[in-house]
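Please work through the exercises below with the model open beside you, and try each task before reading its solution.

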Protein chains: 2
Amino acid sequence: MRRIAVLGTGLIGGSIGLGLCRALPGLDVAGYDRDPSASDRAVARGAVTRAETDAGQAVAGADLVVMAVPLGEFEALLGAIHPFVSPDATVTDVASAKTAVVAAGEGVLGSRFVGGHPMAGSERHGIDAADPDLFVDASWILTPTATTSSAAYASASELATTLGARVVGVGPDEHDALVARLSHVPQLTASALVAAAAGAGDEEALLGLAGGGFRDVTRIAASDPELWISILRTNRTAVLGSLEHLGRALDDAAVMIEDERWNDLRDWLTKARRARLELFAKPVTTGEPVALSIMVPDRPGVLAEVTTAAGKLGANIEDLRIVHSTEGGRGRLELVVAGRTAADDLALALEALGYHVDRPDINFST
Amino acid sequence: MRRIAVLGTGLIGGSIGLGLCRALPGLDVAGYDRDPSASDRAVARGAVTRAETDAGQAVAGADLVVMAVPLGEFEALLGAIHPFVSPDATVTDVASAKTAVVAAGEGVLGSRFVGGHPMAGSERHGIDAADPDLFVDASWILTPTATTSSAAYASASELATTLGARVVGVGPDEHDALVARLSHVPQLTASALVAAAAGAGDEEALLGLAGGGFRDVTRIAASDPELWISILRTNRTAVLGSLEHLGRALDDAAVMIEDERWNDLRDWLTKARRARLELFAKPVTTGEPVALSIMVPDRPGVLAEVTTAAGKLGANIEDLRIVHSTEGGRGRLELVVAGRTAADDLALALEALGYHVDRPDINFST
């Protein structure tokens with residue numbers, strides 16, 4: 001990474017710039033924002049090293065382009081930068097729904113585009129809220145497809161790890177179903193709980209009796225509606241599917257209460273309790289770096305297959321490259337995985353997928 | 001308050017005892033618990049001044065009895081103490097659903113029973129987690145009915161204010177509908193969100209991608225299922241009604257997304273956002289004490305009517321007593337309300353209900 005372009009210098013773009021400039025002094029970071037005063041403030045904060053008022057100018061010569069604009073501006077910006085993006089540059093984004101965005105990105109930029117979604121944010125927004133530590137210890141999802149080049153994946157992955165995040169590979173469709181369940185439907189539910197409570201005709205003073213539980217459950221209902229409309233628009237299908245799932249779970253509970261099947265309800269609550277406790281008790285896989293080397297056919301989809309298999313296992317890929325064979329038709333995928341157990345699990349999973357996995361004896365401690 | 005009995009020396013009973021013993025040194029506080037080791041530990045912690053292994057023994061001679069036992073033990077305990085409760089004692093409880101409990105309490109003890117529900121708690125339980133500050137600045141709901149004597153209300157109210165809480169009068173039915181909306185259904189919803197997320201067949205590692213929003217919304221799903229079963233059993237009807245409300249709100253959202261009515265969805269999210277922001281921005285009514293004096297007919301229900309009118313306005317009644325006229329048929333209800341604006345609002349509301357309100361000129365600062 002030598003020259004970076006950050007398009008959209010708000011909370012996320014600004015935080016990426018701040019983190020990069022801190023980690024890699026001397027880096028050339030061009031900032032563009034629809035609002036020139038935002039990119040000027042990004043320069044003043046040290047989040048970018050220069051502000052460009054033209055997006056094409058910002059991406060020209062960059063080896064990594066990060067698109068951190070609102071979803072509604074994404075496609076227009078993609079068209080605007082297309083003629084200026086270098087043939088060997090990587091372009092990634094940070095949008096919270098991926099299927100549509102990745103299709104658009106690949107449609108215009110081909111294998112250079114890899115979708116990304118850092119799982120970090122803040123209730124604040126704008127460059128003034130930017131924070132170089134925003135991504136430290138957060139997950140950063142990358143959504144490779146059969147089209148994605150390994151160079152683009154490796155470059156986006158380096159961006160994330162430089163900022164202190166942990167990279168997880170997930171397919172775009174699976175990502176969207178996952179965030180519908182884990183983020184978008186919980187968001188709608190918080191709003192629905194407030195709507196149901198506030199709409200029941202109580203005096204306002206009585207609603208003030210709500211305790212800490214209600215406060216927790218509905219906190220995110222105070223989020224920016226504009227932001228959520230664009231997310232829900234983009235992830236409409238997955239959200240509808242996940243809302244249906246939730247509706248069924250609530251119906252199950254209602255029927256158990258109606259029929260006074262208290263033992264069944266106890267089991268249901270206990271199962272949810274256990275799942276909730278386990279969810280946030282998972283240790284992040286870390287450990288000594290272990291190298292895996294995999295002979296791969298030179299066909300599309302190998303990269304996505306390998307990285308999303310690691311994502312499902314929670315195995316942390318710290319480094320990755322594909323060495324293409326000069327004879328063509330085959331290549332070698334070299335991975336560095338954090339921790340011996342995670343490496344063993346991933347090797348088994350890849351062997352089950354038909355790959356042959358070697359363990360080159362690399363001594364990382366020297 | 002000279003002699004108190006605390007039945008059930010767990011988190012809530014123990015915290016009540018600790019707070020009372022700290023506020024009123026020299027108070028005689030008898031503690032009873034089904035588990036004698038719990039009442040012994042309550043003595044050791046200074047939450048009660050003596051442990052009784054017999055509930056009847058504990059309540060004999062007490063002028064205030066606080067029942068802080070699990071809902072499932074309530075009715076049996078009521079029967080056990082009934083022969084030993086003094087005719088002029090007040091009995092109150094702390095259960096989180098009130099209609100059934102108040103009916104049972106009044107059925108056995110008549111006007112001496114007044115339902116209570118302190119809106120405070122902890123994820124921990126048992127005497128070892130008890131905290132004398134648990135109720136400081138919390139709301140403490142009292143649920144007077146047409147049966148409740150003003151002496152019992154005043155005594156339960158004094159208990160709550162001694163512990164630092166703010167008393168709010170709400171009818172038992174209204175209370176139950178309110179907690180269904182503000183507590184019981186949010187609880188079920190948190191479990192349903194976990195059930196829907198965990199039941200979708202994702203790999204566990206991917207569920208670990210859940211962010212802070214999901215963490216907040218589902219935090220209470222880790223609560224004790226046993227406790228919730230007894231609450232949901234007791235408040236079954238109101239919970240079913242409120243679940244239906246929530247289901248309709250979620251259906252509304254799904255239809256707007258399905259039909260791509262984004263402007264309507266934006267309005268819906270904005271309304272919920274505003275309601276959520278207002279909900280916890282309410283300042284608690286405080287201010288100089290203002291006395292109101294109300295001529296009241298000597299008929300049942302006056303106390304409940306006046307105190308729940310104050311609850312709906314968020315007016316904080318700091319002191320209250322009924323002076324019965326020697327001529328019979330009429331009496332005088334004397335209230336002290338916190339703050340001039342709250343007193344004005346309450347006076348207007350009571351006049352609208354047909355009461356004549358006087359403002360005796362009492363100088364509280366001397």
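The exercises that follow concern a predicted model, and each task is followed by a solution in steps.

**Exercise 1. The order of strands around E5(A)**

Task: Determine which strands pair with strand E5 of chain A, in which sense they pair, and how the chain crosses between them.

Solution. Begin with strand E4 of chain A, residues 64-67, which pairs with E5(A) in the parallel sense over 4 bridges. To fix the register, look for Val66(A), whose bridge partner in E5(A) is Thr92(A). Next, follow the chain from E4(A) through helix H4, residues 71-81, to E5(A), and the β-α-β crossover that you trace is right-handed.

Then turn to strand E6 of chain A, residues 113-118, which pairs with E5(A) in the parallel sense over 2 bridges. Here Val91(A) stands opposite Phe113(A) of E6(A). The chain passes from E5(A) through helix H5, residues 99-109, to E6(A), and this β-α-β crossover is right-handed.

Finally, examine the two faces of E5(A), residues 90-93: Thr90(A) and Thr92(A) lie on one side, Val91(A) and Asp93(A) lie on the other, and all of them are buried.

**Exercise 2. From E1(A) to its partners**

Task: Find the strands that pair with strand E1 of chain A, and give a pair of facing residues for each pairing.

Solution. First, establish the setting of E1(A), residues 3-7, which is mostly covered, with 4 of its 5 residues buried. One partner is strand E2 of chain A, residues 28-32, with which E1(A) pairs in the parallel sense over 5 bridges; within this pairing, the bridge partner of Val6(A) is Gly31(A). The connection from E1(A) to E2(A) runs through helix H1, residues 11-23, as a right-handed β-α-β crossover.

Another partner is E4(A), which pairs with E1(A) in the parallel sense over 4 bridges, and there Leu7(A) stands opposite Met67(A).

**Exercise 3. A serine after E5(A)**

Task: Is Ser96(A) buried or exposed, and which residues does Ser96(A) touch?

Solution. Locate Ser96(A) in the loop between E5 and H5 of chain A. Its relative accessible area is 16%, and since the limit for a buried residue is under 20%, Ser96(A) counts as buried. Leaving aside residues up to four places away in sequence, Ser96(A) touches His117(A), His175(A), Val179(A), His184(A) and Ile231(A).

**Exercise 4. Classifying an aromatic pair**

Task: Classify the ring pair of Phe135(A) and Trp140(A), and then look for its counterpart in chain B.

Solution. The structure holds 4 aromatic pairs over all chains. For Phe135(A) and Trp140(A), the ring centres lie 5.1 Å apart and the planes stand at 55°, so the pair is tilted. Stacked planes would be under 30 degrees apart and edge-to-face planes over 60. As for burial, Phe135(A) has a relative accessible area of 0% and is buried, while Trp140(A), at 1%, also counts as buried.

In chain B, Phe135(B) and Trp140(B) form a tilted pair with 5.1 Å from centre to centre and 55° between the planes, and both of these residues are buried.

**Exercise 5. The relation between the chains**

Task: What operation lays chain A on chain B, and what does the surface through which the copies meet look like in terms of shared residues?

Solution. A turn of 180° with a shift of 0.0 Å along the axis lays chain A on chain B with an RMSD of 0.0 Å, which is the relation of a two-fold axis. In chain A, the C-alpha nearest this axis belongs to Val217(A), at 2.0 Å. For the interface, 100% of the interface residues of chain A are also interface residues in chain B, so the copies meet through the same surface.

Now consider the largest nonpolar core, which has 109 residues and in which Leu7(A), Leu265(A) and Leu7(B) have the most contacts. The largest share of this core, 10 residues, comes from helix H11 of chain B, residues 236-258. Leu265(A) touches residues of both chains: apart from residues up to four places away in sequence, its contacts are Ala253(A), Met256(A), Ile257(A), Ile229(B) and Leu232(B).

Methods: Residues are numbered from 1 along each chain as its sequence is written. Chains are lettered from A and ligands numbered from 1 in the order in which they are written. This is a predicted model: local features need pLDDT of at least 70, side-chain atom pairs count only at pLDDT 80 or more; totals for chains, interfaces and linings use all residues. Side-chain values use heavy atoms; hydrogens and water are left out. Buried means under 20% relative accessible area, exposed over 50%, partly exposed in between (1.4 Å probe, protein chains only). Two strands pair if DSSP finds at least two bridges between them. A crossover is right-handed if, with the strands pointing away from the viewer, the path from the first strand over the helix to the second runs clockwise. Rings of Phe, Tyr and Trp (its six-membered ring) pair if their centres lie within 6.5 Å; planes under 30 degrees apart count as stacked, over 60 as edge-to-face and the rest as tilted. Copies are superposed by least squares on the C-alpha atoms of residues with pLDDT of at least 70 in both. Contact means heavy atoms within 4.5 Å. A nonpolar core is a set of buried Ala, Val, Leu, Ile, Met, Phe, Trp, Tyr and Cys residues joined through side-chain atoms within 4.5 Å.
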